[in-house]
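Biologist: Please take one residue in the interior of this model and look closely at what surrounds it. Then work outward from there, in plain terms.

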Amino acid sequence: ATTDAPFGLGELPTRLERGEATDLEVTLVGGLPGPHQGELRVRYGDEGDSITIALSGEVLSPDPAVEPSALTLPAHPDASATFVLTNTGDGWLAATLELEGEGGLELSADSLELPAGEQATVTVSNPDTPGAVARVVVHTNATWQDRLEVALEVEPVGLQLLSPSTGDSFLLADTPTLSAQVVADEPLGSVVVSWSSDIDGELGAAWSDDAGISELEVALSEGWHDLTAVATSSTGSASASVLVELACGTEDADGDGTTECEGDCWPRDADQGPDGEEICEDGIDQDCDGEDADCRLTFEGIQ
């Protein structure tokens, strides 16, 4: 048995004796979308006579779509964004994906095969060049289909919070260090990071160093703080938030007989607390009365 292309045959025995039967599988194996015609010829007898059977079939066409067609990524290595490739047609979709442009970007897949009606999510990650512009080009293995494109843009400034982390808890006596790292398409030392709290308002700002690290020590009041950092440069800005708790300690960690919730403003120092000895005008409140003693009002004996 033989067929005309684009029809193919499955496995068959080379010879059938009288009275034997076999299944004959004919498959449409390629071609452009649309109807196709062909013939199946079965030879029989010693004289080589044959039976001819008309064949017809249809190649189903995929119809690819991509959404969204543009992505903006924050400029830091842990950032990522996704787009979806969908086969809205009635045939299989085979595609290859490649990146064009700058930005150190990476794709989670470089090839996809999608049956009719299915979709796949592709992740773009690792944007290490602020301000870079690139694109993802999706090619199919069918010449009758136009290629699809996804435009990618990396923000000119990126901000990544280093510490604290969401859910961290501190004692009231602590002065947490707020730390962030910035990336930018300009000298990193020219980028300033400002911090604010939804409870305490503006907390302060700190310039980043040459490695893009910015640190700020702050004192926060009791409660859950939604802390927001904003990195500002001459070309743009970026922001990030973290949620932390400030609470008084219920344990007497320093063993001086008073917990922080009971008024010990030095919960980790047994020599300082409500019963501590005040030293005047040293800038420290040793006895937790809320102020530093004035030396001019402190004397002993007759003056």
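**A core residue and its surroundings**

Modeller: Leaving out residues up to four places away in sequence, L85 touches P64, A65, L93, A95, L112, L114, E118, Q119, A120, V138 and L148. This is a predicted model, and what follows describes that prediction.

L85 belongs to the largest nonpolar core, which has 25 residues. L85 is one of the residues with the most contacts inside this core, together with L71, F83, V124, V136 and L152. The elements that give two or more residues to the core are β7 (70-73), β8 (80-87), β9 (93-101), β11 (111-114), β12 (119-125), β13 and β14. Of these, β14 supplies the largest share, four residues. A second core, separate from this one, has 23 residues, and V157, W195, L227 and A238 are among them. As a general background, nonpolar side chains in soluble globular proteins tend to be buried together.

Strands β13 and β14 also carry charged residues. E149 and R135 form a salt bridge, with their closest N and O atoms 2.8 Å apart. Because E149 is in strand β14 (residues 148-154) and R135 is in strand β13 (residues 133-140), the pair ties together parts that are 14 residues apart in sequence. E149 is partly exposed, at 33% relative accessibility, and R135 is also partly exposed, at 29%. The cut-offs matter here: a residue must fall under 20% to count as buried and be over 50% to count as exposed, so values of 33% and 29% land in between.

E149 has another partner, R147, and in that salt bridge the closest N and O atoms are 3.3 Å apart. R147 is partly exposed, with a relative accessible area of 43%. E100, R135, R147 and E149 are linked in a network of salt bridges.

The structure holds five salt bridges. One of them joins D4 and R41, whose closest N and O atoms are 3.4 Å apart. D4 sits in the loop between β1 (2-3) and β2 (7-9), while R41 sits in strand β4 (residues 34-44), so this pair ties together parts that are 37 residues apart in sequence. The relative accessible area of D4 is 28%, which makes it partly exposed, and R41 is partly exposed as well, at 27%.

Strand β4 also contains Q37. Q37 counts as exposed, at 59% relative accessibility. Leaving out residues up to four places away in sequence, Q37 touches F7, L55 and S56. The C-alpha atoms of Q37 and F7 are separated by 8.8 Å, although the two residues are 30 residues apart along the chain.

The next feature is a pocket. The largest one has a volume of about 680 Å³. Its lining consists of 16 residues, and T14, R15, L16, R43 and Y44 lie nearest its centre. By type, the lining divides into seven nonpolar, three polar and six charged residues.

Further along the chain, Q272 is in the segment after β22 (237-247). Q272 is a polar residue that is nevertheless buried, with a relative accessible area of 14%. Apart from its neighbours within four places in sequence, Q272 is in contact with D254, D256, D264, W266, I284 and Q286.

Some backbone details remain. In general, most residues other than glycine have a negative phi, and most peptide bonds are trans. The peptide bond from E67 to P68 is cis, with omega near -10°, and P68 lies in the loop between β6 (64-67) and β7. S163 and P164 are likewise joined by a cis peptide bond, with omega about -5°; P164 is in the loop between β15 (157-163) and β16 (169-171).

Positive phi values occur at N126 and C288. N126, which is not a glycine, has a phi of about 60°. N126 is in the loop between β12 and β13 and is partly exposed, at 23% relative accessibility. C288 also has a positive phi, near 60°, and lies in the segment after β22.

Definitions and conventions:
Residues are numbered from 1 along each chain as its sequence is written. This is a predicted model: local features need pLDDT of at least 70, side-chain atom pairs count only at pLDDT 80 or more; totals for chains, interfaces and linings use all residues. Side-chain values use heavy atoms; hydrogens and water are left out. A salt bridge is a side-chain nitrogen of Lys or Arg within 4 Å of a carboxyl oxygen of Asp or Glu. Buried means under 20% relative accessible area, exposed over 50%, partly exposed in between (1.4 Å probe, protein chains only). Contact means heavy atoms within 4.5 Å. On a 1 Å grid over the protein atoms alone, a cavity is a set of points where a 1.4 Å probe fits but cannot get out, and a pocket is an open set with protein on both sides within 12 Å along at least five of seven lines; lining residues have an atom within 4 Å of a point. Grid points are joined across faces, edges and corners, and a volume is the space filled by probe spheres set on the points. A nonpolar core is a set of buried Ala, Val, Leu, Ile, Met, Phe, Trp, Tyr and Cys residues joined through side-chain atoms within 4.5 Å.
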